[in-house]
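User: I'm new to reading protein models and I keep tripping over the vocabulary. Could you walk me through why things get the names they do?

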Amino acid sequence: MQTTLMIHDGPAPADSDILRTGGVPLAPAGFVWPVCGCGGPLQFFAHLPVEDGVLSVFLCQNDPGACEFWDATSSANRVHLFPREELRPVVVPEAGLTLLPTASAIRTQLVTFDPEEADDEEGEPDAYDVARSGWKREPEEQFGKQREVLGSLGGSPSYLEDDRLPACPSCTGTMEFAAHLEEGMTRETAMNLGGQLGYVFVCRSCREGAFLTD
Ligand SMILES: [Zn+2]
Ligand SMILES: [Zn+2]
């Protein structure tokens, strides 16, 4: 079994076209900053270059208890799949919670393990859970570095009930899982996910994205 973990890799330039959390979104011309049902602008969380573009993740933080960013059908989150070309830093709205305090670079690390060795009494081990809980910077390290893990790319959603898999708003097909997102290491760099795990989905043919937490 394999998991591509996303690992915190120090500060990043705010407008870089690399895997990162925070900073300024890069978008094609004509991009309009997404707005929540509460009336406030969404906050930009992550810039995730993938095979066929860039996933750009936004969540509303104006009223975290009331704005339902955990729900894929809510207006309190937005995932765009932009083409990789002709992206430029966008103009940030002057008011509201729009940006994280700092931008953090992410590096990917392919983690391979033998399902036979995973310590799971009930059936199939969860690939992401095993990879994350076992993450250490160096093999000889005694303790894990789980807070360095900012999520993973591809694979399958971790412990998510089938009835929570989002349908594409355009074609109504079941969306493909794209990434997990974890809150992050420190108060300065963290994305507020309400203490939960974030899930990013995509419909590549419609170029639609979705987000939920669980
Ligand atoms: Zn809101
Ligand atoms: Zn679709």
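Analyst: Sure, and keep in mind that this is a predicted model. Let's begin with a hairpin: strands S4 and S5 form one, with two residues between them.

User: How do you know that S4 and S5 pair, and in what sense do they run?

Analyst: Two strands count as paired if there are at least two bridges between them. S4 and S5 have seven bridges, so they pass, and they run in the antiparallel sense. One of the matched pairs is Phe 44 with Phe 58, the latter in S5.

User: What makes strand S2 a partner of S4?

Analyst: The cut-off is at least two bridges, and S2 (residues 20–21) has two to S4, so the pair counts. This pairing is antiparallel too. Here Arg 20 has His 47 in S4 as its bridge partner.

User: Why is S4 called mostly covered?

Analyst: Buried means under 20% relative accessible area. In S4, eight of its eight residues are buried.

User: Now the metal. Which atoms are the protein donors of the zinc ion (ligand 2)?

Analyst: They are the SG atoms of Cys 168, Cys 171, Cys 203 and Cys 206, lying 2.3 to 2.4 Å from the zinc ion. A donor here is an N, O or S atom within 2.8 Å of the metal, so these sulfurs qualify. Along the sequence, the donor residues follow the spacing C-x2-C-x31-C-x2-C. Cys 168 sits in the loop between strands S9 and S10, while Cys 206 sits in the loop between S11 and S12, 38 residues apart.

User: What makes the arrangement around the zinc ion tetrahedral?

Analyst: The angles do. With four donors, all angles must lie between 85 and 135 degrees. Around this zinc ion they are 105 to 112 degrees, so the arrangement is tetrahedral.

User: Are Cys 168 and Cys 206 buried or partly exposed?

Analyst: One of each! Cys 168 has 2% relative accessibility, which is under 20%, so it counts as buried. Cys 206 comes in at 27%, between 20% and 50%, so it counts as partly exposed.

User: How many salt bridges does the structure hold?

Analyst: Six. One of them joins Asp 9 and Arg 107, with the closest N and O atoms 3.8 Å apart. The cut-off is within 4 Å, so the pair counts. Asp 9 lies in strand S1 and Arg 107 in strand S8, so this pair ties together parts that are 98 residues apart in sequence.

User: Why are Asp 9 and Arg 107 called partly exposed?

Analyst: That label covers values between 20% and 50%. Asp 9 has 41%, and Arg 107 has 27%, so both fit.

User: What makes Asp 52 and Arg 204 a salt bridge?

Analyst: Their N to O distance is 2.6 Å, which is within 4 Å, so the pair qualifies. Asp 52 is in the loop between S4 and S5 and Arg 204 in the loop between S11 and S12, 152 residues apart. Salt bridges that share partners also join Asp 52, Glu 176 and Arg 204 into one network.

User: And what about Glu 182 and Arg 132: which is buried and which is partly exposed?

Analyst: Glu 182 has a relative accessible area of 11%, under the 20% limit, so it is buried. Arg 132, at 23%, is over that limit but under 50%, so it counts as partly exposed. The two form a salt bridge, with their closest N and O atoms 3.2 Å apart.

Notes
Residues are numbered from 1 along each chain as its sequence is written. Chains are lettered from A and ligands numbered from 1 in the order in which they are written. This is a predicted model: local features need pLDDT of at least 70, side-chain atom pairs count only at pLDDT 80 or more; totals for chains, interfaces and linings use all residues. Side-chain values use heavy atoms; hydrogens and water are left out. Donors are N, O and S atoms within 2.8 Å of the metal (3.2 Å for Na, K and Ca); water is not among the atoms, so sites may look incomplete. Four donors count as tetrahedral if all angles lie between 85 and 135 degrees; four count as square planar and six as octahedral if opposite donors are over 155 degrees apart and all others between 65 and 115; anything else is irregular. Helices (H or I, at least four residues) and strands (E, at least two) are DSSP runs, numbered from the N terminus. Buried means under 20% relative accessible area, exposed over 50%, partly exposed in between (1.4 Å probe, protein chains only). A salt bridge is a side-chain nitrogen of Lys or Arg within 4 Å of a carboxyl oxygen of Asp or Glu.
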